[in-house]
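Let's walk through this fold together, taking the sheet before the helices. Keep the model open beside the text as you read.

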Amino acid sequence: MRLDKYLKVSRIIKRRPVAKEVADKGRIKVNGVLAKSSTDIKVNDQIEIRFGNKLLTVSALEMKDSTKKEDAVKMYKIISESRIDGNEEA
């Protein structure tokens with residue numbers, strides 16, 4: 001599944017155009033590698049997302065096309081969530 005679609009369906013990011021923009025600005029890494037919105041996501045991939053001064057790392061558990069809220073919660077597991085200093089690079 002494409003990264004931008006996965007982020008939208010899993011509800012990590014609420015809208016797909018926003019997920020695409022975040023990825024294309026170089027704020028997302030998949031398994032430690034800078035990712036584009038078209039990057040293919042598979043089960044057990046680690047996704048690191050930088051939201052301003054917040055760094056969220058999740059592990060992909062399932063791939064579903066369902067947009068139901070209860071399905072979205074089971075799609076990923078939060079590995080870490082932390083604030084980062086403004087001097088750090090993503």
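**From the sheet outward**

β4 and β5 run antiparallel and are joined by 7 bridges. To find your place in this pair, look for threonine 57, which stands opposite serine 80 in β5. Please keep in mind that this is a predicted model.

On its way into this pairing, β4 (residues 54-60) also meets β3, and here 6 bridges join the two strands in an antiparallel arrangement. A handy landmark is isoleucine 47, which stands opposite valine 58 in β4. β3 and β4 form a hairpin with 2 residues between the strands, and in this hairpin glycine 52 takes a positive phi near 60 degrees.

From β3 you can step across to β1, which runs antiparallel to β3 and is joined to it by 3 bridges. Here lysine 29 stands opposite glutamate 48 in β3.

Putting these pairs together, what is the order of the strands in the sheet? The 5 strands form an open sheet that reads β2-β1-β3-β4-β5, with antiparallel pairing. β2 and β5 (76-83) stand at the edges and have a single partner strand each, so one side of each has no neighbour in the sheet. As general background, strands of a sheet pair through backbone hydrogen bonds, either parallel or antiparallel.

Now for the whole chain. It holds 3 helices and 5 strands, and along the sequence they follow the pattern α-α-β-β-β-β-α-β. Of the contacts with a separation of 6 or more, 43% are between residues 24 or more positions apart.

Next, turn to helix α2 (residues 16-24). Which of its residues are buried? Ala19, Val22 and Ala23 are buried in this helix. Viewed down the axis of α2, the buried residues fall within an arc of 95 degrees, so they line one face of the helix. Their packing partners are α1 (3-9), β1 (28-30) and β3 (46-51), and β1 and β3 are the antiparallel strands you met above, joined by 3 bridges. Just after α2, glycine 26 takes a positive phi of about 80 degrees.

Two other residues deserve a look for their backbone angles. Most residues other than glycine have a negative phi. Arginine 11, in the loop between α1 and α2, has a positive phi near 70 degrees. Asparagine 44, in the loop between β2 (33-34) and β3, also departs from that pattern, with a positive phi of about 75 degrees. How far is each of them open to the surroundings, by relative accessible area? Arginine 11 is partly exposed at 36%, whereas asparagine 44 is exposed at 57%.

Taking the surface as a whole, the chain has an accessible area of about 5600 Å², and carbon and sulfur atoms contribute 47% of it. Buried residues make up 33% of the 90 residues.

Finally, a word on confidence. The chain averages a pLDDT of 87, and 86% of the residues score at least 70. Where is confidence lowest, and where is it highest? It is lowest in helix α3 (residues 69-72), with a mean of 64, and highest in β1, at 96. β1 is also the strand that sits between β2 and β3 in the sheet order.

Methods. Residues numbered from 1 in each chain as written. Predicted model: local features only at pLDDT ≥ 70, side-chain atom pairs only at ≥ 80, totals over all residues. Heavy atoms only, no water. Buried < 20%, exposed > 50% of the residue type's maximum accessible area, 1.4 Å probe, protein only. Helix = DSSP H or I, 4+ residues; strand = E, 2+ residues; numbered from the N terminus. Arc of directions from axis to C-beta. Contact = heavy atoms within 4.5 Å. pLDDT = per-residue confidence, 0-100. Areas by Shrake-Rupley, 256 points an atom, 1.4 Å probe, with all protein chains shown as cover. Pairing = 2+ DSSP bridges.
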